[in-house]
Amino acid sequence: MADLKCTIAGIESINPFWLASAPPTDKYINVVRAFEAGWGGVVWKTLGEDPPVVNVSSRYGAHKTGNRDIIGINNIELISDRPLETNLAEIRQIRKEWPDRIIIGSMMAVIEEKVWKDLAVKIAASGVHGIELNLGCPHGMCERGMGSAIGQVPEMVEKVTRWVKEVVDVPVFTKLTPNITNILWSAEAAQAGGADAVSLINTVNSIVSVDLDQMAPNPVVDGKGSHGGYCGLAVKPIALNMVAEISRNDETRDLEISAIGGIETWRDAAEFIALGAEGLQVCTAAMIYGFRIVDDMIAGLSGWMDEKGYKSISESCGMAVPNTVDWNALNMNFDTKAFIDPESCIECGRCHIACEDTAHQAIEFAVAEDGSRSFTVVDEECVGCNLCFHVCPVPDCIEMRPVENDKPYVTWPEHPLNAMKAAE
Amino acid sequence: MSLKPCNAVNGVSLPKEAIDSNFSDLHDPLSALQAKGEADRCLYCYDAPCIQACPTSIDIPTFIHQIRTGNIEGSAKTILSANIMGGTCARACPTEVLCEQACVLNASEEQPVEIGALQRTAVDHLMAAHGPHPFKRAAETGKRIAVVGAGPAGLSCAHRAAMLGHNVTIYEAKAKPGGLNEYGLAAYKMVDDFAQKEVAFLLGIGGIEIKYHQRLRCAQGAPQGDAQEDTVSLDELRDTFDVVYIGVGLGSTNALQLEGEDKDGILDAVDFIEDLRQASEKSSIVVGDDVIVIGAGNTAIDAAVQAKRLGANTVTLVYRRGEENMSATDWEVNLARTNGVNIRLWSAPTAIKGNGRVEAMSFESMTVSDGKLIGSGKSFDLPADMVLKAIGQKLDASMLDGFEMSGGKITVGDNFETSIAGVFAGGDCIKSGDDLTVQAVEDGKQAAHAIDAYLAAK
Ligand SMILES: Cc1cc2nc3c(=O)[nH]c(=O)nc-3n(C[C@H](O)[C@H](O)[C@H](O)COP(=O)(O)OP(=O)(O)OC[C@H]3O[C@@H](n4cnc5c(N)ncnc54)[C@H](O)[C@@H]3O)c2cc1C
Ligand SMILES: Cc1cc2nc3c(=O)[nH]c(=O)nc-3n(C[C@H](O)[C@H](O)[C@H](O)COP(=O)(O)O)c2cc1C
Ligand code: SF4
Ligand code: SF4
Ligand code: SF4
């Protein structure tokens, strides 16, 4: 069986599955239950200076599909609302009880050197394996000059990373916010400040839905709502891209990544690892299903690695990075066409109407005399956009078949129709 | 969808509570959660096959999509705009041979979307809200239409004609409206007086008056019928109204043509069901210990199942051909079997035995030779103290002199007009599709549009 041990920022973990800093890692009982369930580590719920913050009641909103599945939640919770020493005592206790599991202490503070340094030293003294700097919280805390208020300014990202690095011996993870225009600016800043790794993403600023009776955004707190942090399955594509950007950028490619954002299954985990993540963090999936979901994350990931012949996480790490390129590096001569298998087609017509109304009128619809319906791709019209392939409800019924055209690999900059190229 | 079991104790008459439970809803309506889950299965097909398989062409993907988006009232309007009796059809349609048979999920999951159950969810929601009638009438045209028969064909025509701005007067022979919705459909399909509730809802459109105890009679015929009944002739109606529409259904049944058919205990299945439907206490209906049902259609099935649910000791449905020849659907045949009805195939009745009251029936075993059904010469007897005849209904043509008829039904053209100018017809009394509620509703709707065009051209 493949080895799921992983090393990130020099910290060795029995598996790459850590719980992200959030309610699942809020206190002793949760973390012990998580370790019993098999999680390799936790990033403790973000700690701040005393006195602790006070939370409101009514804290989460949810974004659901028609099938009632939650695809994302948003929250307006703040950082840990318990005294610092209570948290640190619990961390010390669990470190004793669970010597093989990782605990990272997460922290945030206002932009004052002494405050950052004092807090970091106190947390490090509790025996944590590392410290994560929460520069991401996009609601509440940012109104007090913390969280994303810091994470959105690269100079400040660099500064706080450096302050903490100066006073602690343990590795430092700088946790990045996705609520910026270019993730590379903050990643480079963290690197310049000396971060041992970056963790990303924190939550995406959002209004998850509007309560049309109360006429207020959800979650509604006594008739009013606020924007909150969006996370879960729906943010995975955003996180994947940001992780890939850091992995394939010349300046940041050596930065280690603890990937976060919508990891719900072993497949999600494998995708982040393929894009260069050394470690993983999960929050929403655990909040929705409980800690037991780690079972299949572990079993599925090692099964996949066995099947593909990867012996360790580090072997599969970054395998998709070389194939993640700018649009300008794609082959303009590649041609793929939809093919409908009449045997498995159930005649729902979804492909036809999608292509007919919104794409390229490339799927012909005919009704035979016996009333049976047939859907056929017109090769000349099909541009290979994949729309029908995605809307078809029957797995493997529509196949996208590459056309063998013996044409060379030609990118847009080299393409004859490119006006810039012609001007050369 | 699970069926409620039949309480039956062989040889002991059933207590009232067991009978009441036997005549509660055959399947409970879907809960909101079940409806949501079922609606989520629908693929929202384009030019969906299920629409084509619905005789009234309800836009099924749209109404299911509306359940999914939480627009249940809009969903009901989508249904009712194509089929004003969507509530009864949701309960009574043999969906297994209509919309659900055409559902594409049969191919991928061998389990169609439960279209009928979802339709009931939506329509019941709208009807239970008792809001204003969902459709508006067009400006009054001043035209007057006489509709004969307040069954699905007549009521559907009346509703659509009223919506198009015409004024409608319905002449109904019986004391209540609804036709076989009220008197014929199985009791466990139409619980809680649904037929009457639906008619009241339908009349909410306005512009429709129903006259009860009004029987259409033949032109020359002397007024017949019972004491409280008035009669009216076609000529009288044609004199008073711009158009007449006939929706009288099939008033009569076929006979076994055996000696002794008038013995006590031998009944038409439709009469047995009508008495059952009208009884406020189902346990007041007397059922035999050993019941024989002759026939193979849904009336035979309904009669057999209801006899069993009333507590009959044995119920044997006897049919002269094989199961594949039965006009009842597989689902209906299974319903009979799971209710404990014995099915004897390839057996034709030859004699009725008994002294004043039926005591047994004789049957001859049948076989097919050269494509022809012939007796095998072997015979057997079955004991019976009740025999329910369900070998087909036919049009009572006595009132229909002057009409061109074909195959025992009124001949109509594409626009539902009969051979008599300005007289239209629809429902079981014409040959359109199968004799089903949903087909009668469609006939009435289409006839109303044809009448509207006829009046506009006049
Ligand atoms: C026992 C039984 C069970 C059935 N079960 C089902 C089922 O489960 N699902 C299904 O889809 N279909 C079922 N059907 C068929 C369905 O009931 C009919 O197809 C449908 O009711 C036909 O509608 P209609 O309006 O044409 O006729 P009817 O429903 O028969 O209505 C005709 C109306 O006209 C009135 N009338 C008759 N003669 C005159 C006259 N001379 N003057 C004035 N009024 C008159 C009658 O009193 C009646 O109200 C069943 C039929 C029977 C007999
Ligand atoms: C209710 C809630 C509270 C959170 N609190 C914190 C926090 O205190 N510190 C932090 O760094 N991130 C916090 N997060 C963000 C998560 O750690 C994580 O970055 C984010 O949810 C994306 O991962 P996911 O898609 O697996 O949930 C919180 C998330 C949720 C849902
Ligand atoms: S790939 Fe796009 S263009 Fe081609 S048939 Fe499918 S939807 Fe139409
Ligand atoms: S979407 Fe798929 S199943 Fe539906 S008609 Fe097209 S090919 Fe057939
Ligand atoms: S055929 Fe089935 S899946 Fe398609 S629209 Fe109709 S009910 Fe829905």
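Start in chain B by selecting strand S9 (residues 290-295) and strand S10 (residues 314-318): five bridges join the two, and they run parallel. Before going on, keep in mind that you are looking at a predicted model.

**Strand S9 and its neighbours in chain B**

Now follow the path of the chain. From S9(B) it passes through helix H15 (residues 298-309) of chain B and arrives at S10(B), a β-α-β crossover that is right-handed. Show Val291(B) and Val315(B) as sticks, and you will find Val315(B) in S10(B) opposite Val291(B).

Next, add strand S15 (residues 386-390) of chain B, which pairs with S9(B) in the parallel sense, again through five bridges. Here Val291(B) has Met386(B) as its bridge partner. Is S9(B) mostly covered, or mostly open? Mostly covered: of its six residues, five are buried.

**The domains of chain B**

Zoom out and colour chain B by its domain assignment: domain 1 spans 32-129, domain 2 combines 144-251 with 395-457, and domain 3 spans 254-390. If you place a marker at the C-alpha centres of domain 1 and domain 3 of chain B, the two are 34 Å apart.

**Helix H4 in chain B**

Select residues 60-68 of chain B, which form helix H4. Seven of its nine residues are buried, so this helix is largely enclosed by the rest of the structure. Those buried residues are Ile60(B), Pro61(B), Phe63(B), Ile64(B), Gln66(B), Ile67(B) and Arg68(B). What do they pack against? Display helices H2 (32-41), H3 (49-53), H5 (72-82), H7 (99-102) and H9 (115-129) of chain B to see their packing partners. Following H4(B) is Gly70(B), with a positive phi near 85 degrees.

**Ligand 5**

Stay in chain B and pick ligand 5. Around it are Cys42(B), Leu43(B), Cys45(B), Ala48(B), Cys50(B), Pro61(B), Cys103(B), Val104(B), Val113(B) and Ile115(B). How many of the residues in this shell are nonpolar, polar and charged? Ten are nonpolar, while none is polar and none is charged.

**Across to chain A**

Chain A is divided into domain 1 (6-316) and domain 2 (327-422), and the C-alpha centres of these two domains of chain A lie 40 Å apart.

Go to strand S16 (residues 279-282) of chain A. Gly279(A) and Gln281(A) point one way, Leu280(A) and Val282(A) point the other way, and all are buried. This fits a general pattern: in a regular strand, side chains alternate between the two faces of the sheet.

Add strand S3 (residues 17-19) of chain A, which pairs with S16(A) in the parallel sense over three bridges. Look for Phe17(A), opposite Leu280(A). Strand S15 (residues 256-260) of chain A also pairs with S16(A) in the parallel sense, over three bridges, and there Ile260(A) stands opposite Gln281(A). Between S15(A) and S16(A) the chain runs through helix H8 (residues 266-274) of chain A, making a right-handed β-α-β crossover.

**Arg82 and ligand 4**

Select Arg82(A), in the loop between strand S6 (70-75) and helix H2 (84-97) of chain A. Is this residue buried or exposed? Arg82(A) is buried, because its relative accessible area is 17%, below the 20% cut-off. Among the residues Arg82(A) touches are Asp26(A), Trp44(A) and Glu90(A).

For the last stop, jump to Gly349(A), 267 residues from Arg82(A) along the chain and 56 Å away between C-alpha atoms. Gly349(A) is one of the residues surrounding ligand 4, which also include Cys345(A), Cys348(A), Cys351(A), Cys392(A) and Cys397(A). By class, this shell has ten nonpolar residues, one polar and one charged.

Methods. Residues numbered from 1 in each chain as written. Chains lettered and ligands numbered in written order. Predicted model: local features only at pLDDT ≥ 70, side-chain atom pairs only at ≥ 80, totals over all residues. Heavy atoms only, no water. Near = heavy atom within 4 Å. Nonpolar A, V, L, I, M, F, W, Y, C, P; charged D, E, K, R; others polar. Buried < 20%, exposed > 50% of the residue type's maximum accessible area, 1.4 Å probe, protein only. Helix = DSSP H or I, 4+ residues; strand = E, 2+ residues; numbered from the N terminus. Contact = heavy atoms within 4.5 Å. Domains from an automatic or database assignment. Pairing = 2+ DSSP bridges. Right-handed = clockwise from strand over helix to strand, strands pointing away. Lists of a residue's contacts leave out its neighbours within four places in sequence.
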